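Subject: Structure for your review

Dear colleague,

Please find below the structure that I am handing over to you, followed by a summary of what was found in it. I should be grateful if you would read the two side by side.

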Amino acid sequence: MATPSVSQQRVTELLAHWSDGDDAALAELTPLVYEELRHLAHHFMEGQRPDHTLQTTALVNEAYLRLADQTNPNWQNRAHFFAVAARAMRQILVSYARSQRSQKRGGGALKVELDEAAIISPEQSKAIIDLHEALERLGTLDTRKARVVELKYFGGLNHGEIAEVMKISTVTVRRDWVFAKAWLYDELHSAT
């Protein structure tokens, strides 16, 4: 495994300081993690309407506000922080998609947490909800496998980072990922 870069080590240090109550660490941390959060949000927002340039920014900002608003954060390391960020983004998107689906076509303006420019198409809303529901079903069968999918798919973490966050071996992560991918594929395609 590669040695973490200075910025990765600094992020982990700042997260520890923030966990210990140092609010100045949050100010220094923000520019170090913002681009990675944008990259993560961009992954979530792929396939959305191209004329909405602020959608990634809106998702990042909403997720970051949720993370920064934590009263007693207990960050283990950088990978843990991004895993929690991924979960926050997933929750934001699922909430928004559910709101979209509950609206009738041509309905009025939506009140959502995301910036109004962060529009998700109806097809994407259905896909997000379907994946979320399938992942919830997987979670009832095997929580660990569902968590691996969440960290890999929504969090963009690699197998080593997932193993670190979950405190399991990389081989177990790979096996869980292969199984979960096949299970989810089956689950999502049997409904159609």
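**Tyr153 and its surroundings**

Y153 counts as partly exposed, with a relative accessibility of 38%. Please bear in mind throughout that this is a predicted model. Y153 is located in helix α6. When its neighbours within four places in sequence are left aside, Y153 is in contact with H43 and L131. As for W177, its C-alpha lies 9.9 Å from that of Y153, while the two residues are 24 apart in sequence.

**Salt bridges**

How many salt bridges does the structure hold? There are eleven. In general, side chains of opposite charge can pair when their charged atoms come close. I describe here one network of salt bridges, which links D142, R144, K145 and D176.

R144 and D176 form a salt bridge in which the closest N and O atoms are 2.5 Å apart. This pair links distant parts of the chain, as R144 belongs to helix α6 (residues 143–154) and D176 to helix α8 (residues 170–190), with their positions 32 residues apart in the numbering. R144 counts as partly exposed, at 35% relative accessibility, whereas D176 is buried, with a relative accessible area of 2%.

D176 also forms a salt bridge with K145, and here the closest N and O atoms are 3.3 Å apart. This pair, too, links distant parts of the chain: D176 is in helix α8 and K145 in helix α6, 31 residues apart. Are the two partners, D176 and K145, buried or exposed? Both are buried.

K145 has a further salt bridge, with D142, where the closest N and O atoms are 2.9 Å apart. K145 has a relative accessible area of 12%, and it counts as buried because the limit for that class is under 20%. D142, at 23% relative accessibility, is therefore classed as partly exposed, since its value lies between that limit and the 50% above which a residue counts as exposed.

**In brief**

For your reading of the model, the two points to take away concern the network and the tyrosine. D142, R144, K145 and D176 are joined by salt bridges into a network, and the R144 and D176 pair connects helix α6 with helix α8. Y153 lies in helix α6 as well, and its contacts beyond four places in sequence are H43 and L131.

With kind regards

Key. Residues numbered from 1 in each chain as written. Predicted model: local features only at pLDDT ≥ 70, side-chain atom pairs only at ≥ 80, totals over all residues. Heavy atoms only, no water. Salt bridge = Lys/Arg side-chain N within 4 Å of Asp/Glu carboxyl O. Buried < 20%, exposed > 50% of the residue type's maximum accessible area, 1.4 Å probe, protein only. Helix = DSSP H or I, 4+ residues; strand = E, 2+ residues; numbered from the N terminus. Contact = heavy atoms within 4.5 Å.
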